[in-house]
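Please open the model in your viewer and keep the selection tool at hand. The stops below go through it selection by selection, each with a note on what is there.

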Protein chains: 2
Amino acid sequence: MNNVIKLANRPAGEPQLSDFEFVTEDKPSPNDGEILLESKYISVDPYLRGRMRDVESYIDPFQLNEPMESTIVAEVVESKNSNFEKGDFVFGMLKWKEFQVSSGTGLNKVDPEKAPLSAYLGILGLTGLTAYISLEKIADLKEGETLLVSGASGAVGSTVGQIGKIRGCHVVGIAGSDEKLALMKDKFGFDEGINYKTTDDMTKAIAKACPNGVNVYYDNVGGDILDAALNNVNKNGRVINCGAISLYNEKEVPQGPRHEGILVKKTVLMQGFLVRDHAKDFGNAIQQLAQWLQEGKITHEETIVEGFKNTPQAFLDIFKGKNKGKMVVKA
Amino acid sequence: MNNVIKLANRPAGEPQLSDFEFVTEDKPSPNDGEILLESKYISVDPYLRGRMRDVESYIDPFQLNEPMESTIVAEVVESKNSNFEKGDFVFGMLKWKEFQVSSGTGLNKVDPEKAPLSAYLGILGLTGLTAYISLEKIADLKEGETLLVSGASGAVGSTVGQIGKIRGCHVVGIAGSDEKLALMKDKFGFDEGINYKTTDDMTKAIAKACPNGVNVYYDNVGGDILDAALNNVNKNGRVINCGAISLYNEKEVPQGPRHEGILVKKTVLMQGFLVRDHAKDFGNAIQQLAQWLQEGKITHEETIVEGFKNTPQAFLDIFKGKNKGKMVVKA
């Protein structure tokens with residue numbers, strides 16, 4: 001028997017448990033070239049809310065009465081594909097099923113010796129990959145440079161900051177509570193923190209925390225904080241546009257000061273980034289991140305919920321702020 | 001005897017002839033390691049107006065009672081530097097003097113066989129270099145892509161468009177008169193032109209002229225036209241921020257729609273560019289541009305004024321629109 005979780009309704013507003021359907025199916029069998037996977041750890045993430053809507057975006061919407069999906073770490077329990085052996089662990093975009101067959105396409109093997117399996121959904125998963133690959137491709141961090149990060153206590157931001165420290169940068173984080181600032185400094189090793197909720201003049205606060213100016217700004221939020229960062233940007237500065245959460249709930253595109261004057265005058269680069277475009281780099285990136293994790297050079301926060309059937313509830317709990325760091329379900 | 005032109009006053013508003021001082025000096029003699037140069041062609045450009053102000057910018061302001069300077073093509077008339085021979089022609093940032101000595105630093109030799117000497121101030125000078133180097137470094141133009149250019153009939157824009165055609169792109173130019181559109185299409189080979197002064201909805205006009213979307217937008221203007229270009233940008237689009245003339249006369253930074261949402265969603269790159277940062281690439285770039293010029297693959301417009309002493313007047317005439325294409329003085 002096989003437990004499966006499907007999308008029952010497209011939620012209006014905050015999703016409810018009734019938006020999901022729990023069904024049982026026969027356990028599938030792999031054909032030649034296929035593998036049978038057993039889900040071990042399931043990632044639940046805010047971006048899945050977007051896929052529950054029926055709108056065009058950078059990733060297809062979920063279909064009604066079809067299984068939900070997210071990034072999952074699974075064990076190969078039967079293999080008819082020469083690239084995989086029984087007992088291998090893999091990571092990839094998979095369905096919310098206890099058991100499923102796969103051709104193996106799009107899956108990366110993961111090593112349970114190198115890191116706990118749940119880490120492959122967080123610091124070794126899409127959030128860690130986002131941080132690592134975007135910095136490698138765009139930031140060109142140099143020792144002694146200043147790296148400014150918004151959303152700095154989050155799963156992406158905290159990894160960005162830690163990589164900045166490995167690269168020898170002065171790292172400054174922006175977050176929304178003093179508790180988050182303490183986490184950034186004490187656990188993740190940031191040099192300075194700015195609480196944007198208690199700061200009137202972000203341009204001045206950034207100038208104070210970044211006395212040599214900003215070489216790289218890692219932007220998870222957009223809006224006024226981006227403006228303040230650009231007011232402090234150095235010649236040849238780089239901005240990684242990883243997110244613009246301050247804009248996502250706006251019905252019309254908000255207005256703000258034009259940036260093109262600064263871009264020309266300071267020869268600044270701004271580059272939008274989506275990790276899904278870089279799947280071919282995942283393997284090498286995971287290796288590097290796993291090594292740093294083993295060496296204790298990077299760390300992360302996670303909340304683990306037990307039980308496959310609790311996956312929808314764990315997803316709902318994210319929006320209630322019940323997680324600390326990355327939310328993961330142990331199947 | 002040696003004629004020299006100095007800055008006499010910092011102009012308020014449009015510069016006047018009285019802002020310049022004409023003086024005579026003894027003809028200088030080169031020391032060991034130096035060369036004596038005779039100015040042959042002098043470039044006059046709108047950006048020199050900025051250097052007449054005493055404000056910090058990407059290039060130092062002119063000093064009062066010191067010679068003006070701009071890019072000049074000069075002949076080596078005496079050499080005590082083993083890197084140069086009498087009869088060589090060089091190009092570089094030089095003073096408004098009929099004769100001057102130089103260590104040779106920052107000068108590039110130019111070949112009068114390959115192109116008329118005046119061309120080294122236009123299509124083979126900073127404007128051509130701007131177009132070529134920025135496209136090579138940033139645009140990554142691919143055959144069949146769409147290149148949109150603003151300020152398209154100008155010295156930079158017209159070269160950008162012609163290089164786009166050499167690279168096999170669909171090239172669309174934006175300019176401010178039907179006469180300029182005709183020049184773009186007939187002389188410079190653009191595929192389509194948009195007159196922004198007679199177009200109500202630039203987003204729609206660009207969509208019509210760029211049916212496959214915009215892969216690369218070469219921005220000389222900023223402002224509303226940048227917004228309209230971004231409304232049509234494709235996934236992985238590139239924007240070269242070469243100028244933002246629509247902002248230069250504003251006292252405060254104007255507001256506009258925020259771009260960071262599009263940057264993330266379409267993974268767009270925006271990159272500010274100043275040609276002065278790329279002096280080490282000038283030699284190779286001039287060679288390529290000179291070859292295209294010889295082969296008839298690119299062309300340009302220029303207005304040549306005779307007489308060294310007419311350099312200030314030629315500069316003033318730019319602001320009255322008396323030039324067609326690049327304005328150059330033949331000394």
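Throughout this tour a residue is called buried when its relative accessible area is under 20%, exposed when that value is over 50%, and partly exposed in between. Please also keep in mind that what you have open is a predicted model.

Start in chain B by selecting B:Glu69, which at 16% relative accessibility counts as buried because the cut-off for that class is under 20%. Now add B:Lys95, with which B:Glu69 forms a salt bridge whose closest N and O atoms are 3.6 Å apart. B:Glu69 lies in strand 4 (residues 69-79) of chain B and B:Lys95 in strand 5 (residues 89-95) of chain B, so the pair ties together parts that are 26 residues apart in sequence. Unlike its buried partner, B:Lys95 counts as partly exposed, at 34% relative accessibility.

Stay in chain B and select strand 1 (residues 2-7), where 6 of the 6 residues are buried, so that the strand is largely enclosed by the rest of the structure. Which residues point one way from this strand, and which the other way? B:Asn2, B:Val4 and B:Lys6 point one way, while B:Asn3, B:Ile5 and B:Leu7 point the other way, and all are buried. Extend the selection to strand 2 (residues 20-25) of chain B, which pairs with strand 1 of chain B in the antiparallel sense over 6 bridges; here the bridge partner of B:Asn2 is B:Glu25, in strand 2.

Move next to chain A and select A:Glu75 together with A:Lys40, which form a salt bridge with the closest N and O atoms 3.7 Å apart. This pair links distant parts of the chain, since A:Glu75 belongs to strand 4 (residues 69-79) of chain A and A:Lys40 to strand 3 (residues 35-43) of chain A, 35 residues apart. A:Lys40 is partly exposed, its relative accessible area being 23%.

The next selection in chain A is A:Lys109 with A:Asp88, a salt bridge in which the closest N and O atoms are 3.3 Å apart. A:Lys109 sits in strand 7 (residues 108-110) of chain A, and A:Asp88 in the loop between strand 4 and strand 5 (89-95) of chain A, so that the pair links distant parts of the chain, 21 residues apart. A:Lys109 is partly exposed, with a relative accessible area of 48%, whereas A:Asp88 is buried, at 18%.

Now colour chain A by domain: the assignment gives domain 1 (2-122 + 300-330) and domain 2 (126-276), and the C-alpha centres of these two domains lie 30 Å apart. How many residues of each domain are in contact with the other? There are 9 residues of domain 1 of chain A in contact with 9 residues of domain 2 of chain A, and the area buried between these domains is about 840 Å², of which carbon and sulfur atoms give 61%. Across this interface there is 1 salt bridge, together with 4 residue pairs in polar contact, both residues being at pLDDT 80 or more.

Then select A:Lys187 and A:Glu301, whose side chains meet in a salt bridge at 2.8 Å, N to O.

For the last stop, show both chains and select A:Asp224, A:Asp227, B:Arg258 and B:Glu260, which are linked in a network of salt bridges. Over all chains, the count of salt bridges comes to 38.

Terms used:
Residues numbered from 1 in each chain as written. Chains lettered and ligands numbered in written order. Predicted model: local features only at pLDDT ≥ 70, side-chain atom pairs only at ≥ 80, totals over all residues. Heavy atoms only, no water. Salt bridge = Lys/Arg side-chain N within 4 Å of Asp/Glu carboxyl O. Helix = DSSP H or I, 4+ residues; strand = E, 2+ residues; numbered from the N terminus. Buried < 20%, exposed > 50% of the residue type's maximum accessible area, 1.4 Å probe, protein only. Pairing = 2+ DSSP bridges. Domains from an automatic or database assignment. Contact = heavy atoms within 4.5 Å. Buried area = accessible area lost by both parts, 1.4 Å probe. Polar contact = N/O pair within 3.5 Å; in protein donor to acceptor, adjacent residues only side chain to side chain.
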